[in-house]
Amino acid sequence: MSVKLLMGNEAIALGAIKAGVNVVTGYPGTPSTEVLETIARNNPGDIYVEWSVNEKVAMEVAAGAAYTGARSLVTMKQVGLNVASDPLMSLSYIGVKGGMVVLAADDPGPFSSQTEQDTRHFARFSNLPVFDPSSPEEAYDMIQSAFELSEQVGLPVFFRPTTRVCHSCSTLEISVPGERHKAEGFVKDPRWTIFPSLSYRKHVQLEAMQEKLSGIFSGLQYNRVTGSGSRGIAASGIAYSYAREVLSSINSDIKLLKVGTPYPFPKELGTEFIKGLDEVMVLEELDPVIEESLLELAALNGGRPKVLGKKTGHLPLAGEYSYELIKAAIAGFVGIPAGEKSPAVPPELPVRPPVLCAGCPHRASFYAVKTALKKQKAVFTGDIGCYTLGNAKPLEMVDTCLCMGAGITIAQGLQRVEPDVRHIAFIGDSTFFHTGIPGIINAVYNNTDITVIILDNSTTAMTGHQPHPGTGKTMMRSISEKIDIYNLLKACGVKKITRVNPLNQKEAVEAAKEAVVFNGPSAVIFEAPCIALFKPSNIQKINEKCTLCKRCIREIGCPAISINNGKVEIESSLCYGCTLCSQVCPTGAIGGAEG
Amino acid sequence: MKFDILIAGVGGQGTVLASRLLAAAAIKAGYYARTSETIGMAQRGGCVVSHVRIGSEEASPIIPYGTADLLIGFEPSEAARNINRLAPSGRSVVNTRVIKPVTASLDTVTYAIDPINAFIRTNSSETVMLDGYALAEKAGSVKALNVVLLGVAAAAGFLPFDKDDLESIICENVSPRYVELNKKAFNTGLEYKRK
């Protein structure tokens, strides 16, 4: 036993190892990424861990493992679950033999996601149980219970931490890892092949299982009632942590229901909770899932208690909750003044939007394409990754962004309606492997005249530099075949493909120009590593030739360049020596020690 | 004992490591600790806020407004942006070196430092302002800014644990290659405040 500071995702990972997990798959996505990484880092040697090519693939690999009786874990962010929803929906009918946990991390806020979707709806939609931890320490225990429950009921089980649980750290006591779970092996049986007749029978069983699960959950330690009074609060996830802290500071009789498994709702415990209550306030991030369950129980109880929450306008439907928001809601509920003094108003502060790092090769790629398309009517479709930040000033090179892989396909739709406009799709290397390839094949098959720019920085950068099929590195520390993007495009039938280093602007601009005028689908692969993969060198400096034209600042927006005391300066601790500024400078005023 | 520390800075400055080191030192001193980070989409260059909550198991991961005991500001505008979480009795250590966002260089927003510094001083019961980058450079690398600021906070008596404990935690938690650099940076911070 040792006491350590552990991040929620690390606690979940160590809990899974303790539970004897055999196979772990996933696709990187904030805030879920560190779970799989921590398992790989702490692998006792007998756990198979992989970054899969996308979430659908990850879900299926994990399901296959669970068919044998092995314990499997698949990790992703909430939007990844959309990609994996096809296997998920059938898997709830087919079921599993070994415990299988589907970890989908939600991102209230959102901090780094396209949507604020609530995975608990997916649990309800697919009729699968869901665990909703309120802290890293609870998550450590809960993930172990999730594996046990999955095996007990023969169904995959959802695990739904939110950003504040995933990315906060707690003091935890971790015991030695448990034994690996023993898998019986795959046993041939008609139960593994889905057919309409089987689906009907399975659906009947699945619905019956919902009642059983609700009963199991009423007796589980993660759901409990404390306190007494005629007013009640039901809370889950991080909202429960905030509520607990608020309640410790006010003197009021409150009956508190902590919900750790929002679906299927623990009805028996819920019925006991509402007994004698006049009003209940529900505190949960994101959608009113528990609120709806309590409304249902209240309806069966003659309309008592009154349920206050998102549907009554007492709490917001969108955005993340905070201590202050919950304090104000509880204060209003129990009728005490919130007592917040108005905060001091700061002087004007500079906004600091997220930007591409100094030296990021994407800046050079965007700039080259911008130069090549100057004075032409063009639309630039973007995708998910660091390069979405190319939409910011002064580059302004991302006109659309929808979901993983959609840049290539949205461009095709635009092109079909406006054939005289140039349509250029940007996609990163990891996203290309994830869901970019079908879009390429579609463009070739239908001969749609678009240009695809692949920003190959040799890593999955935004989520913290995970390997992918193009890197040839795996999470088992082995080296495998590097999938070559050029040859892949060629095999897909793209007739015009160029690979070029974007840091060489002249060649990069030329390549973009040629690709755009090519009649039919074309591609440019911009190859230059993410700055996190190497040490800075050839640090650039401004010399006496600077005429203060500010072109470097106006055109490329590098965070290392700023004006201080009337002089353009390059912050040497930020510069990576990409030399884009030096190539943009019209007077030769920027150069490096090597140049 | 309850002690809440807020760390505010810019992505890439080493704020997250600073929060982990403080929490590890608190655990070593026998306290319960929690930390939490708010990080945006960018790998570097965006706003980063870390919360370190020491002493209470019941605490949520985020420090409520008006209750923090200490603010360590890695950048003046980021310190000002978050100072509302500081308690009236709260103290601050702030690095004075400005990191101008790209938006400020493009002249779309202004960055006036004097009112920002004045705002920090007005809203903090005791403030130590220093050029942390200069001290970190002196110690060997600007990357050691985080440990320099921890040294300053420790020497000022702003932390609820012993400076020697913090130093040993730093040595245990950084890569062996950087132990000497971090030791030097921590002591540079200590000495700065002692002068």
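## Pockets, rings and buried sites in a predicted model

User: In which loop of chain A does A:H167 lie?

Analyst: This is a predicted model, and the position is described by the elements on either side. A:H167 is placed between helix 8 (163-166) and strand 8 (168-174) of chain A. The site is therefore the loop between helix 8 and strand 8.

User: Is A:H167 buried or exposed?

Analyst: A residue is buried when its relative accessible area is under 20%. A:H167 has a relative accessibility of 16%, so A:H167 counts as buried.

User: Which residues does A:H167 touch, not counting residues up to four places away in sequence?

Analyst: A:H167 and A:L6 are 161 residues apart in sequence, with a C-alpha to C-alpha distance of 9.5 Å. With residues up to four places away in sequence not counted, the contacts include B:S36 and B:E37 of chain B. The others named for A:H167 are A:M7, A:N9, A:T30, A:P31 and A:E34.

User: How many of the eleven residues of helix 1 of chain A are buried?

Analyst: Helix 1 spans residues 8-18 of chain A. Its buried residues are A:G8, A:N9, A:E10, A:A11, A:I12, A:A13, A:L14, A:G15, A:A16 and A:I17. The helix is largely enclosed by the rest of the structure because the number buried is ten of the eleven.

User: What phi does A:G20 take?

Analyst: A:G20 is found just after helix 1 of chain A. The phi of A:G20 is positive, at about 85 degrees.

User: Why is the aromatic pair of A:F122 and A:F125 classed as tilted?

Analyst: Nine aromatic pairs are counted over all chains. In the pair of A:F122 and A:F125, the ring centres are 6.2 Å apart and the planes stand at 50 degrees. Planes under 30 degrees apart count as stacked and those over 60 as edge-to-face, with the rest tilted. An angle of 50 degrees therefore makes the pair of A:F122 and A:F125 tilted.

User: What separates A:F122 and A:F125 along helix 6 of chain A?

Analyst: Helix 6 covers residues 119-126 of chain A. A:F122 is buried at 13% relative accessible area, whereas A:F125 is exposed at 56%. Because A:F122 and A:F125 are three residues apart in the helix, their separation is about one helical turn.

User: What is the geometry class of the aromatic pair A:F534 and A:Y576?

Analyst: The distance for A:F534 and A:Y576 is 5.7 Å centre to centre, and the angle between the planes is 90 degrees. Planes over 60 degrees apart fall in the edge-to-face class. The pair is edge-to-face.

User: How many residues apart are A:F534 and A:Y576?

Analyst: A:F534 belongs to the loop between strand 18 and strand 19 (540-542) of chain A, and A:Y576 to the loop between strand 21 (567-570) and helix 20 (580-584). A:F534 is partly exposed at 34% relative accessibility, while A:Y576 is buried at 13%. The pair links distant parts of the chain, 42 residues apart.

User: Which residues does A:T579 touch, not counting residues up to four places away in sequence?

Analyst: A:T579 is in the loop between strand 21 and helix 20 of chain A. A:T579 is buried, its relative accessible area being 18%. With residues up to four places away in sequence not counted, A:T579 touches A:L503, A:N538 and A:Q540.

User: At what distance from the ring centre does B:R85 lie over the face of B:Y65?

Analyst: In chain A, A:K258 lies over the face of A:Y240 at 5.5 Å from the ring centre. In chain B, B:R85 lies over the face of B:Y65, and the distance to the ring centre is 4.1 Å.

User: Which residues are closest to the centre of the second largest pocket?

Analyst: This pocket holds about 580 Å³ of space. Of its 28 lining residues, the closest to the centre are A:S458, A:P467, A:G470, A:T471 and A:K473.

User: How many charged residues are in the lining of the second largest pocket?

Analyst: Helix 17 (485-491) and strand 18 (522-527) of chain A each supply at least two lining residues. By class, the lining has eleven nonpolar and nine polar residues, and the number of charged residues is eight.

User: How many nonpolar residues line the second largest cavity?

Analyst: The second largest cavity has a volume of about 110 Å³. Of its 17 lining residues, the closest to the centre are A:G359, A:C558, A:C575, A:C578 and A:C581. The lining has four polar residues and one charged residue, and its nonpolar residues number twelve.

Terms used: Residues numbered from 1 in each chain as written. Chains lettered and ligands numbered in written order. Predicted model: local features only at pLDDT ≥ 70, side-chain atom pairs only at ≥ 80, totals over all residues. Heavy atoms only, no water. 1 Å grid on protein atoms, 1.4 Å probe; cavity = no way out; pocket = protein on both sides within 12 Å on 5 of 7 lines; lining within 4 Å. Points joined across faces, edges and corners; volume = space filled by probe spheres on them. Helix = DSSP H or I, 4+ residues; strand = E, 2+ residues; numbered from the N terminus. Nonpolar A, V, L, I, M, F, W, Y, C, P; charged D, E, K, R; others polar. Phe/Tyr/Trp six-rings, centres within 6.5 Å; stacked < 30°, edge-to-face > 60°. Buried < 20%, exposed > 50% of the residue type's maximum accessible area, 1.4 Å probe, protein only. Lys NZ or Arg CZ within 6 Å of the ring centre and 35° of its normal. Contact = heavy atoms within 4.5 Å.
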